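Colleague: I would like a close look at a single part of this model. Please take me through the cavities and the residues around them.

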Amino acid sequence: MIEIPSDLHKDLLPVAFLLGNWAGAGVHDFPGSEKCNFGQEVTFTHDGRDFLEYHSHTWVLDADGNKVRPLETESGFWRVHPDRKVEVVMTRDDGIVEIWYGDLAAKTPQIDLVTDAVARTAASGPYTGGKRLYGYVKSDLMWVGEKQTPEVELRPYMSAHLKKVVTPEDVERWAKALPDDMPDDGIAFFK
């Protein structure tokens with residue numbers, strides 16, 4: 001279910017599907033690093049201004065799905081221009097800052113991004129750019145990231161399937177929004 005907050009900036013309506021807390025799992029695989037399954041928590045929030053605030057935390061999972069150690073942390077800001085172009089400024093815990101540009105797909109909640117600029121600190125590893133695809137599919141958030149370095153051509157390295165995290169406050173808000181004329185038995189509702 002996509003909720004559109006009344007105070008959401010009008011420019012952000014096309015990306016309202018991103019709002020909220022998401023959690024799930026995915027796969028990490030890139031030459032020179034450990035291939036692993038990972039868990040992920042992602043949050044997209046807004047404060048009424050013309051951007052979404054983004055935070056992502058991932059961690060390595062063992063064979064039983066338990067957290068082993070942190071993998072990557074990212075944070076940033078997402079903006080949407082009137083021509084449905086998307087810009088993202090993102091900072092990673094490994095000393096990389098990226099500027100991404102992309103497009104919102106027509107008639108579907110999907111965003112394609114590609115890096116436009118990359119800045120690295122001395123502590124970061126080799127990295128020259130990437131691509132990302134985010135999509136809202138059957139109420140879930142799915143994404144795939146591609147990465148390139150001076151030694152490795154652009155190739156997929158991470159992907160995840162995330163589900164919306166529902167809080168008790170969400171349930172209470174939805175319950176208050178139900179119409180007063182709901183059938184008592186629930187069955188009549190589906191007839």
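Modeller: What follows goes from the fold to the cavities, and then to the aromatic rings. Keep in mind that this is a predicted model.

Start with the frame. Ten strands make a closed barrel, in the order S1-S2-S3-S4-S5-S6-S7-S8-S9-S10, with antiparallel pairing. From one strand to the next, the twist averages 25°. In general, strands of a sheet pair through backbone hydrogen bonds, either parallel or antiparallel.

A few pairings show how the barrel is put together. S1 covers residues 20–28 and S2 covers residues 36–45; the two are antiparallel over 9 bridges. Ala25 has Gly39 of S2 as its bridge partner. S5 (residues 85–92) and S6 (residues 96–104) are antiparallel over 7 bridges. Here Val88 stands opposite Trp100 in S6. The hairpin of S5 and S6 has 3 residues between the strands, and Gly95 takes a positive phi near 95° there. S6 also pairs with S7 (residues 110–120), antiparallel over 9 bridges. The bridge partner of Ile99 in S7 is Ala117. The hairpin of S6 and S7 has 5 residues between the strands, and in this hairpin Lys107 has a positive phi near 65°.

Now the cavities. How many of 30 Å³ or more does a search of the whole structure find? The search finds 2.

Take the largest cavity. It holds about 50 Å³ of space. Its lining consists of Gln40, Tyr54, Ser56, Thr58, Glu72, Glu74, Arg132, Tyr134, Trp143 and Met158. Three strands supply at least two lining residues each: S3 (52–61), S4 (67–80) and S8 (129–137). S3 gives the most, with 3 residues. The lining of the largest cavity is mixed by class: 4 nonpolar, 3 polar and 3 charged residues.

Glu72 is one of the residues lining the largest cavity. Glu72 sits in strand S4. Its relative accessible area is 13%, so Glu72 counts as buried. Its C-alpha atom is separated by 7.8 Å from that of Asp94, and the two residues are 22 residues apart along the chain.

The second largest cavity has a volume of about 40 Å³. Around it are Gln40, Val42, Phe44, Tyr54, Tyr134, Leu141, Trp143 and Leu162. S2 and S9 (140–148) each supply at least two residues of this lining. S2 gives the most to the second largest cavity, with 3 residues. By class, the lining of the second largest cavity has 7 nonpolar residues, 1 polar and no charged.

Compare the two lists. Gln40, Tyr54, Tyr134 and Trp143 appear in the lining of the largest cavity and also in that of the second largest.

That leads to the rings. A search of the whole structure finds 9 aromatic pairs. Among them, Trp22 and Tyr136 form an edge-to-face pair, at 6.3 Å centre to centre and with 85° between the planes. Trp22 is in strand S1 and Tyr136 is in strand S8, so this pair ties together parts that are 114 residues apart in sequence. Trp22 is buried, with a relative accessible area of 2%. Tyr136 also counts as buried, because its relative accessibility of 15% is under the 20% cut-off.

Tyr54 and Trp78 form another aromatic pair, this one tilted, with 5.8 Å centre to centre and 55° between the planes. Tyr54 lies in S3 and Trp78 in S4, so the pair ties together parts that are 24 residues apart in sequence. Tyr54 is buried at 2% relative accessible area. Trp78 is buried too, with a relative accessible area of 2%.

Which residues do ring pairs link into a cluster? They are Phe44, Tyr54, Trp78, Tyr134 and Trp143. Within this cluster, Phe44, Tyr54, Tyr134 and Trp143 are among the residues that line the second largest cavity. Tyr54, Tyr134 and Trp143 are also in the lining of the largest cavity. The ring cluster and the linings of both cavities therefore share Tyr54, Tyr134 and Trp143.

Key:
Residues numbered from 1 in each chain as written. Predicted model: local features only at pLDDT ≥ 70, side-chain atom pairs only at ≥ 80, totals over all residues. Heavy atoms only, no water. Pairing = 2+ DSSP bridges. Helix = DSSP H or I, 4+ residues; strand = E, 2+ residues; numbered from the N terminus. Axes fitted to C-alpha atoms, helices over the stretch in contact; angles between N-to-C directions. 1 Å grid on protein atoms, 1.4 Å probe; cavity = no way out; pocket = protein on both sides within 12 Å on 5 of 7 lines; lining within 4 Å. Points joined across faces, edges and corners; volume = space filled by probe spheres on them. Nonpolar A, V, L, I, M, F, W, Y, C, P; charged D, E, K, R; others polar. Phe/Tyr/Trp six-rings, centres within 6.5 Å; stacked < 30°, edge-to-face > 60°. Buried < 20%, exposed > 50% of the residue type's maximum accessible area, 1.4 Å probe, protein only.
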